[in-house]
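Dear colleague,

I am passing on the structure we spoke about, and it is placed just below. After it I set out what was found.

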Amino acid sequence: MNKTVETILSRRSVRNFSAKMISDQELDTIIQCGLYAPSAKNRQNWHFTVITNKERIDEISDLAVANMNKLGLNVSDEAHIFYHAPVVIVISSKIEGYSEVNAGCVVENMSLAAHSMGIGSCIIGQTRYLYHQSNKADANRLMRIPENFEHDIAICFGYPDGDIDEAKPRKPNVVEYIR
Ligand SMILES: Cc1cc2nc3c(=O)[nH]c(=O)nc-3n(C[C@H](O)[C@H](O)[C@H](O)COP(=O)(O)O)c2cc1C
């Protein structure tokens with residue numbers, strides 16, 4: 001099996017991170033791989049907010065958890081939507097066709113690049129709760145979303161603390177061929 005296929009098939013979401021920061025070089029590579037994602041009409045109409053400031057990461061998580069609880073989701077106050085990962089990248093886009101698909105390509109590129117370097121990641125959709133009960137401008141300021149951009153998705157990174165499980169089984173009967 002070639003290395004790329006091996007990386008894809010062995011990637012897992014990581015939710016236990018060591019506090020050790022990943023190196024600047026590794027972070028640059030992850031960002032670069034995100035920037036090299038495909039985008040509809042090659043618009044590259046995305047923006048990445050790279051957050052390594054622990055206080056800011058915690059602040060974003062606390063607001064998401066508070067908003068989930070306001071919505072009655074009963075989340076523990078101790079919960080951390082980024083699992084205390086040392087790096088969070090928030091993806092936002094100009095609202096044009098396919099921006100969400102583009103953002104998906106970005107986070108998958110980043111996740112696979114990280115995994116190939118022994119760095120764990122988890123794609124985080126729960127950052128969207130920042131917009132459910134809070135003022136949009138406040139949420140945008142906290143995650144530094146540029147004007148006229150909308151938040152799509154986030155992804156957190158760090159060295160895995162512990163072993164990574166094997167991939168979960170895949171649902172059968174989802175592939176159909178027309179030959
Ligand atoms: C769009 C998207 C949003 C996700 N949001 C979250 C999230 O907020 N929190 C979380 O722990 N995992 C999140 N995940 C990770 C999924 O739960 C995970 O990919 C899935 O359970 C399959 O596990 P695997 O990634 O280990 O194969 C998200 C994944 C995707 C693609």
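Does Ser-111 count as buried or exposed, and how many C-beta neighbours does Ser-111 have inside 10 Å? This is a predicted model, and in it Ser-111 counts as buried because 26 C-beta neighbours lie inside 10 Å, where 20 or more are needed for that label. Ser-111 has its place in helix 4, and, leaving aside neighbours within four places in sequence, Ser-111 is in contact with Arg-11, Ser-121, Ile-123 and Ile-155. Of these contacts, the one with Ile-155 joins residues 44 apart along the chain, with C-alpha atoms separated by 8.0 Å.

The sheet

The sheet is an open one, in which 4 strands follow the order 1-2-4-3 with antiparallel pairing. Strand 1 and strand 3 stand at the edges and have a single partner strand each, so one side of each is left without a neighbour in the sheet. From one strand to the next, the twist averages 20°. As background, the strands of a sheet pair through backbone hydrogen bonds, and they may do so either parallel or antiparallel.

Taking the pairs in the order of the sheet, strand 1 is joined to strand 2 by 6 bridges, and among the residues involved, Thr-49 has Val-90 in strand 2 as its bridge partner, while His-47 stands opposite Ser-92 in strand 2. Strand 2 is in turn joined to strand 4 by 8 bridges, again running antiparallel; here Ser-92 stands opposite His-151 in strand 4, and Ile-91 stands opposite Ile-153 in strand 4. Ser-92 therefore has a residue opposite it in the pairing with strand 1 and another in the pairing with strand 4, namely His-47 and His-151, if one reads the sheet as made of strands that pair through bridges. Finally, strand 3 and strand 4 run antiparallel and are joined by 5 bridges, with Ile-124 standing opposite Ala-154 in strand 4.

Strand 2 and strand 4 are both mostly covered: in strand 2, 7 of its 8 residues are buried, and in strand 4, 8 of its 10 residues are buried. Helix 4 packs on the sheet, where it touches strand 1, strand 2, strand 3 and strand 4, and its direction makes about 10° with that of strand 4.

The nonpolar core

In soluble globular proteins, nonpolar side chains tend to be buried together. In this model the largest nonpolar core has 39 residues, of which Val-88, Ile-91, Ala-154, Ile-155, Cys-156 and Phe-157 touch the most other members. At least two residues of this core come from each of strand 1, helix 3, strand 2, helix 4, strand 3 and strand 4, and helix 4 gives the most, with 6 residues. For one of the well-connected members, Cys-156, the contacts beyond four places in sequence are with Phe-82, Tyr-83, Ala-85, Val-87, Val-88, Ser-121, Cys-122 and Ile-124.

The surroundings of the ligand

Which residues surround the ligand? They are Arg-12, Ser-13, Arg-15, Cys-122, Ile-123, Ile-124, Gly-125, Gln-126, Ile-153, Ala-167 and Lys-168. Sorted by class, this shell has 5 nonpolar, 3 polar and 3 charged residues, and strand 3, which spans residues 120-124, gives the most to the shell, with 3 residues. Two of the shell residues have already appeared above in the sheet: Ile-153, which has Ile-91 opposite it, and Ile-124, which has Ala-154 opposite it.

Two residues in a loop

Lys-41 lies in the loop between helix 2 and strand 1, and Asn-42 lies in the loop between helix 2 and strand 1 as well. The phi of Lys-41 is near 55°, a positive value in a residue other than glycine, and Asn-42, which is not a glycine either, has a positive phi of about 50°. Lys-41 counts as exposed because it has 10 C-beta neighbours inside 10 Å, and Asn-42 counts as exposed with 8 such neighbours.

With best wishes

Technical notes:
Residues numbered from 1 in each chain as written. Predicted model: local features only at pLDDT ≥ 70, side-chain atom pairs only at ≥ 80, totals over all residues. Near = placed C-beta within 6 Å. Nonpolar A, V, L, I, M, F, W, Y, C, P; charged D, E, K, R; others polar. Core = buried A, V, L, I, M, F, W, Y, C linked by C-beta atoms within 7 Å. Buried ≥ 20, exposed ≤ 12 C-beta atoms within 10 Å, placed from the backbone. Contact = placed C-beta atoms within 7 Å. Axes fitted to C-alpha atoms, helices over the stretch in contact; angles between N-to-C directions.
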